[in-house]
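Here are some exercises to work through with the model open beside you. Try each task on your own before you read its solution.

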Amino acid sequence: MKLHIRLGWAAGIAGLAGVLLAGCGPAAAPPPGAAGGGAAGSGGAGSGAGGGAARGGSGGTAGNPGLCSDRDVTVSLGLGQVGAAGGSALYPIDITNHSARGCRLDGYPAAWLARASGARIGTAAAPDRAVPPQPVRLAPGGSAHVWLQVGTAADYPASTCQPVTSHWLVIRVADGGPARSLQLALPACAGQLPAPGLLLVRPFEPGRGEKGTAG
């Protein structure tokens, strides 16, 4: 499944550079809705887009670790590793196991853009079914990543897009767990876009996301 957008990202990426810098500095405290799955937390990819975040907190053994819970991991956005492909931008989201036990990630996280208030903008990221998911095991201190593919809002008619600027990227790693808010200012669409929409999320992959490795 590919985003139906024109190859306008290269021309627009310079204009976005100043916007992206807003995500590099210290983030303000996330609004309660975005951090706890309130206003921004409804209708993520796990339900609305059919993606399914990893279910958290299940047991396991040393050879077959249980699924990671939100208590096990930290989430960060690698703005220094942002890439481009097919007229869209690729943002790496890194997930690190800070617990003392091994765990695993399956499938796709739920992800969406949100306003400063925490209210979700448009639809959540659709899972990229062109990339088959594989279980990723995280040892204590180990990392995994997902790629969030973001199309160009300006490629849609303004009446369809209803353009706005995001304040947060919100991600939920485990079903039933809290949503995490990462500061990210991007041109976005509040309107209902043709499928798959502005956002695609790829499945969990081992290691940290590095520019040029998204394939």
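**Exercise 1: Two polar side chains**

The side chain of Ser-99 comes to 3.0 Å from the backbone oxygen of Arg-101, a polar contact (N or O atoms within 3.5 Å, where one must be able to donate a hydrogen and the other to accept it; residues adjacent in sequence count only if both atoms are side-chain atoms). Before going on, note that this is a predicted model, in which local features need pLDDT of at least 70 and side-chain atom pairs count only at pLDDT 80 or more, while totals for chains, interfaces and linings use all residues. Residues are numbered from 1 along each chain as its sequence is written, and side-chain values use heavy atoms, with hydrogens and water left out.

Task: Describe the places of Ser-99 and Thr-96, and find out what each one touches.

Solution:
1. Ser-99 sits in the loop between β4 and β5 (103-105), and Thr-96 is part of strand β4 (residues 88-97). Strands are DSSP runs of E with at least two residues, helices are runs of H or I with at least four, and both are numbered from the N terminus.
2. Ser-99 counts as buried because its relative accessibility is 16%. Thr-96 counts as buried too, because its value is 15%. Buried means under 20% relative accessible area, exposed means over 50%, and partly exposed is in between (1.4 Å probe, protein chains only).
3. Contact means heavy atoms within 4.5 Å. Leaving aside neighbours within four places in sequence, Ser-99 is in contact with Asp-72 and Pro-140. With that same exclusion, the partners of Thr-96 include Asp-72, Gly-142 and Arg-208.
4. Thr-96 also has a polar contact of 2.8 Å, side chain to side chain, with Ser-143.

**Exercise 2: The nonpolar cores**

Task: Find how many residues the largest nonpolar core has.

Solution:
1. Start with the rule: a nonpolar core is a set of buried Ala, Val, Leu, Ile, Met, Phe, Trp, Tyr and Cys residues joined through side-chain atoms within 4.5 Å.
2. The largest such core has 39 residues, and Leu-77, Tyr-91, Ile-93, Leu-105 and Leu-148 have the most contacts inside it.
3. A second, separate core has seven residues, among them Trp-168 and Val-170.
4. In soluble globular proteins, nonpolar side chains tend to be buried together.

**Exercise 3: The cavity and Leu-113**

Task: Which classes of residue make up the lining of the largest cavity?

Solution:
1. On a 1 Å grid over the protein atoms alone, a cavity is a set of points where a 1.4 Å probe fits but cannot get out, and lining residues have an atom within 4 Å of a point.
2. The largest cavity holds about 90 Å³ of space; grid points are joined across faces, edges and corners, and the volume is the space filled by probe spheres set on the points.
3. Its lining has seven nonpolar, four polar and no charged residues. Here Ala, Val, Leu, Ile, Met, Phe, Trp, Tyr, Cys and Pro count as nonpolar, Asp, Glu, Lys and Arg as charged, and the others, Gly among them, as polar.
4. Leu-113 and Cys-189 are among the lining residues. They are 76 residues apart in sequence and 9.5 Å apart in space, C-alpha to C-alpha.
5. Leu-113 belongs to strand β6 (residues 110-114) and counts as buried because its relative accessibility is 2%.

Conventions: 1 Å grid on protein atoms, 1.4 Å probe; cavity = no way out; pocket = protein on both sides within 12 Å on 5 of 7 lines; lining within 4 Å.
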